[in-house]
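Dear colleague,

I am handing over the structure we discussed, placed directly below. My notes on it follow.

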Amino acid sequence: MSLANSVLAVNNDLPIITDQKVHSGKVRSVYWLTAKDSKRLIEQNGYNVQSDAPLAIMVISDRISAFDCIWHGEGGIKGVPGKGAALNAVSNHWFKMFKDNDLADSHILDIPHPFVWIVQKAKPVMIEAIARQYITGSMWRSYEKGEREFCGIQLPEGLTKDQKLDDILITPSTKGILKGIPNVPEADDVNIRRQDIIENYQAFNFLDKNDVDKYEVLLKQGFNLISGALAKLDQIFVDTKFEFGYVKDAAGNDKLIYMDEVGTPDSSRIWDGPNFRNGKVVENSKEGFRQMLLNHFPDPDILLNKNRMPEREALARDNALPESVIMDISSTYLNIAEKITGSKIVLSDNPKQEVIDVLAERYQLIK
């Protein structure tokens, strides 16, 4: 099996029937179905949504993004073998656990293939909901420079790198560029205070002021559930990012739900427990790849300094990473996914064709 062929790097060119432009993000592409096909799938599969709800096919890729750039490897390897399947498997595992424990639903209606979700349209809350159980990463770098207030929360003196915090900290940031909100910079991914969210809840797409409390409850519930499950595997849930949104059920009621992915190696830091107790941080997430990049290039400031974005983009575009690096991160994703789910992640020789075949045969959604 060719490594390059086994990687699904381009996922926005599938012949899925759609009458809208394909939305392609860093990792996932979204194909909005026609109203006719959405209605047909809802009727055929009994989805708990309104009969005219817009549906989409969400296809994950094996691309790897870090420091807001897409990276590639030698030999034409445009992603990380097994990464997409691992991310979806982990998210699917946690979403099922959320449902089994009476937490909120997600936007996922069906999972026809390891790379594919069928989802209903959701109205996203414009917040990156970040929860932290340890002080590390960007928070530690800021703390080390003397900052003590994060998103309106005051941290005590005397904390040390990678120390466990007394409580889970919720440190939200903006999702996209929001304009005209007092005290909120018009920039993507900037920290915001809880008070600013409450005073401008509608600008962040909350339907009700009380839902600010609700999203925090859901964030902590989800965090604690995943943290507890990982602890049983002797893994440490360090921090994570959740996203929330609203959907309507079959009766037309608005529901606040979990969106996108949860508890994955892309959206979270996960540390190996035995190593941490021995004084060593071993990352079982994309953070290990980020640290490798910082050590791999002679000037790490290019990766950390947002003012040097053109140089960073050139670095990612012009430098094919060694195959050993790609396979190391592949092992990280596959190992933690298999540990979490208890099942082996099976790699495909041709994932794109598999996706096309299943969408054609089971859903009649291929041109």
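**The acidic surface patch**

At 54% relative accessibility, D349 counts as exposed. This residue sits in the loop that joins α11 (323-341) to α12 (351-363). Together with E354, D357 and E361, D349 forms a negative patch on the surface. Please keep in mind that this is a predicted model.

**Salt bridges**

Searching the whole structure turns up 26 salt bridges. One of the pairs is D266 with K83, whose closest N and O atoms are 3.0 Å apart. This pair links distant parts of the chain, with the two positions 183 residues apart: D266 belongs to the loop between β15 (254-259) and β16 (268-272), and K83 to helix α3 (residues 83-100). Are these two partners buried or exposed? D266 has a relative accessible area of 18%, which falls under the 20% limit, so D266 is classed as buried. K83 is buried as well, at 0% relative accessibility.

A second pair is K241 and E128, whose side chains meet in a salt bridge at 3.6 Å, N to O. Because K241 lies in strand β14 and E128 in strand β9 (residues 127-135), the bridge ties together parts that are 113 residues apart in sequence. K241 is partly exposed, at 28% relative accessibility, whereas E128 is buried, with a relative accessible area of 13%. Which residues make up the salt-bridge network that includes this pair? The network links E128, K175, K241 and E243.

A third pair to note is D301 and R308, with 2.9 Å between the closest N and O atoms. D301 is partly exposed, its relative accessibility being 33%.

**Helix α8 and its packing**

Helix α8 covers residues 287-296, and its buried residues are E287, F289, M292, L293 and L294. What do these buried residues pack against? Their partners are the strands β4 (64-66), β5 (69-71) and β16, along with the helices α9 (301-304) and α11.

Helix α11 also holds S330. S330 is buried, with a relative accessible area of 3%. Leaving aside residues up to four places away in sequence, S330 touches V80 and P81.

**Positive phi values outside glycine**

Two residues other than glycine are listed here for their backbone angles. The phi of C151 is positive, near 55 degrees. C151 is found in the loop between β10 (149-150) and β11 (153-154), and it is buried, with a relative accessible area of 11%.

D260 is not a glycine either, and its phi is also positive, at about 60 degrees. D260 lies in the loop between β15 and β16, the loop where D266 is found. Why does D260 count as partly exposed? Its relative accessibility is 22%, and partly exposed means between the 20% limit for buried and the 50% limit for exposed.

**Two further loop positions**

D234 is in the loop between α6 (210-232) and β14 (235-248). D234 is partly exposed, at 28% relative accessibility. Its contacts, not counting residues up to four places away in sequence, are D272, G273, P274 and R277. How far is D234 from A122 in space? Their C-alpha atoms are separated by 35 Å, and the two residues are 112 residues apart along the chain.

Q20 is in the loop between α1 (3-6) and β1 (23-24). Q20 is partly exposed, with a relative accessible area of 43%. From Q20 to I170 the C-alpha to C-alpha distance is 36 Å, for a separation of 150 residues in sequence.

**Recap**

The main items, in brief:

- Surface: a negative patch formed by D349, E354, D357 and E361.
- Salt bridges: 26 in the whole structure, among them D266 with K83, K241 with E128 and D301 with R308.
- Packing: the buried residues of α8 against β4, β5, β16, α9 and α11.
- Backbone: positive phi at C151 and at D260.

Regards

Note on methods:
Residues numbered from 1 in each chain as written. Predicted model: local features only at pLDDT ≥ 70, side-chain atom pairs only at ≥ 80, totals over all residues. Heavy atoms only, no water. Patch = residues over 30% accessible without salt bridge, like charges linked within 9 Å, V, L, I, M, F, W, Y side chains within 5 Å. Areas by Shrake-Rupley, 256 points an atom, 1.4 Å probe, with all protein chains shown as cover. Salt bridge = Lys/Arg side-chain N within 4 Å of Asp/Glu carboxyl O. Lys, Arg positive; Asp, Glu negative; His and termini not counted. Charge placed at Lys NZ, Arg CZ, Asp CG, Glu CD. Helix = DSSP H or I, 4+ residues; strand = E, 2+ residues; numbered from the N terminus. Buried < 20%, exposed > 50% of the residue type's maximum accessible area, 1.4 Å probe, protein only. Contact = heavy atoms within 4.5 Å.
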